[in-house]
Amino acid sequence: MKYYKLQPSWSEKVIGQYPQVKNIEYKCDVWNEPKFIEHQEFKKINFSPITANAILNKTAKITDLINVTGMGFTRKLLLSGKLKLIIESFRKDGIQFFESSVFKEDKIYNEYWVMHIFEINFDSIDFSNTNFYLKNYFDTINRLYIKNLEEFLYQKNKIDKIGYPINLFIDNVHIIDEYTHHFFALSNVENGINYIVSDLLKDEIEINNCTGIEFTPLK
């Protein structure tokens, strides 16, 4: 299969106005409320988290994938019910969806969801053709030569214990030929997370005319 990065569109022709979102409404103390969804990352949520609400600009379009950044949406996707159902039809495990209504002027769009992914599929990586680096914030310290998943997880665990700003960074990602998942995510990449779809899922999204989405081919 061929794979693509799925990401929100930045084109004003597609989203109407950039930024698409002018503000975010919060219903809790975003720094001190442990149930706020921002504080839940890469782990399954076993309670009803508090979500945030995106407020769109006046000339922004209502799209199936909303281009939003800020507390409550870090490394998460804000998507319509239609796009949610399509993704769920290709993957049911390792992801959760929580309601997050979208506001535009005096209208409320209730069928929107924050997608929280808690399983990261490092097993998808073709390690022989992917680059790995040890970085200090934005500066590369040195390149790492990692041969397999076991070695990668060992290095990642060791580096994670050191903590910020030292990080293991993945670049020039290749997916193994025999991989069969249609939707998954990789962390430790540019922008913090890559959401990856197969060509079959990409086709399904396009056939259903889902808007606000850009696809970038993986090599």
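Colleague: Is His116 buried or exposed?
Modeller: The model is predicted: local features need pLDDT of at least 70, side-chain atom pairs count only at pLDDT 80 or more, and totals for chains, interfaces and linings use all residues. Residues are numbered from 1 along each chain as its sequence is written, and side-chain values use heavy atoms, with hydrogens and water left out. Buried stands for under 20% relative accessible area, exposed for over 50% and partly exposed for values in between, with a 1.4 Å probe and protein chains only. The relative accessibility of His116 is 1%, so this residue counts as buried.

Colleague: Which residue has its backbone oxygen 2.7 Å from a polar atom of the side chain of His116?
Modeller: Leaving aside residues up to four places away in sequence, His116 touches several residues (heavy atoms within 4.5 Å), including Phe42, Lys43, Ile95 and Phe98. A polar contact is a pair of N or O atoms within 3.5 Å; within protein one must be able to donate a hydrogen and the other to accept it, and residues adjacent in sequence count only if both atoms are side-chain atoms. The backbone oxygen at 2.7 Å from the side chain of His116 belongs to Lys43.

Colleague: In β9, which residue is the bridge partner of Gln96?
Modeller: Helices (H or I, at least four residues) and strands (E, at least two) are DSSP runs numbered from the N terminus, and two strands pair if DSSP finds at least two bridges between them. β6 and β9 pair in the antiparallel sense over 5 bridges. Strand β9 covers residues 112-117, and there the partner of Gln96 is His116.

Colleague: Which are the edge strands of the sheet that holds β9?
Modeller: This open sheet has 4 strands in the order β4-β5-β9-β6, paired antiparallel. The strands that pair on one side only are β4 (65-66) and β6 (95-99).

Colleague: At about what angle to β5 does helix α2 run?
Modeller: Axes are lines fitted to C-alpha atoms, for helices over the stretch in contact, and angles run from 0 to 180 degrees between N-to-C directions. Helix α2 (residues 81-90) lies across β4, β5, β6 and β9, and its angle to β5 is about 105°.

Colleague: Why is one side of β11 and of β12 left without a neighbour in the sheet?
Modeller: The open sheet is formed by 3 strands in the order β11-β10-β12, with antiparallel pairing. β11 (139-144) and β12 (166-171) stand at the edges, so what each has is a single partner strand.

Colleague: Which residue of β12 stands opposite Asn131?
Modeller: β10 (residues 131-136) pairs with β12 in the antiparallel sense, over 6 bridges. Across from Asn131 in β12 stands Asp171.

Colleague: How far apart are the end C-alpha atoms of α3?
Modeller: Helix α3 (residues 149-162) lies across β10, β11 and β12. The expected span is 1.5 Å times one less than the number of residues. For the 14 residues of α3 that gives 20 Å, which agrees with the distance between the end C-alpha atoms, 20 Å.

Colleague: Within what arc do the buried residues of α3 fall?
Modeller: The buried residues are Phe152, Gln155, Lys156 and Ile159, and they pack against β10, β11, β12 and β13. The face turned away from them carries the exposed residues Glu150, Tyr154 and Lys161. The arc is that of the directions from the helix axis to the C-beta atoms. Seen down the axis of α3, the buried residues line one face of the helix, because they fall within an arc of 100°.
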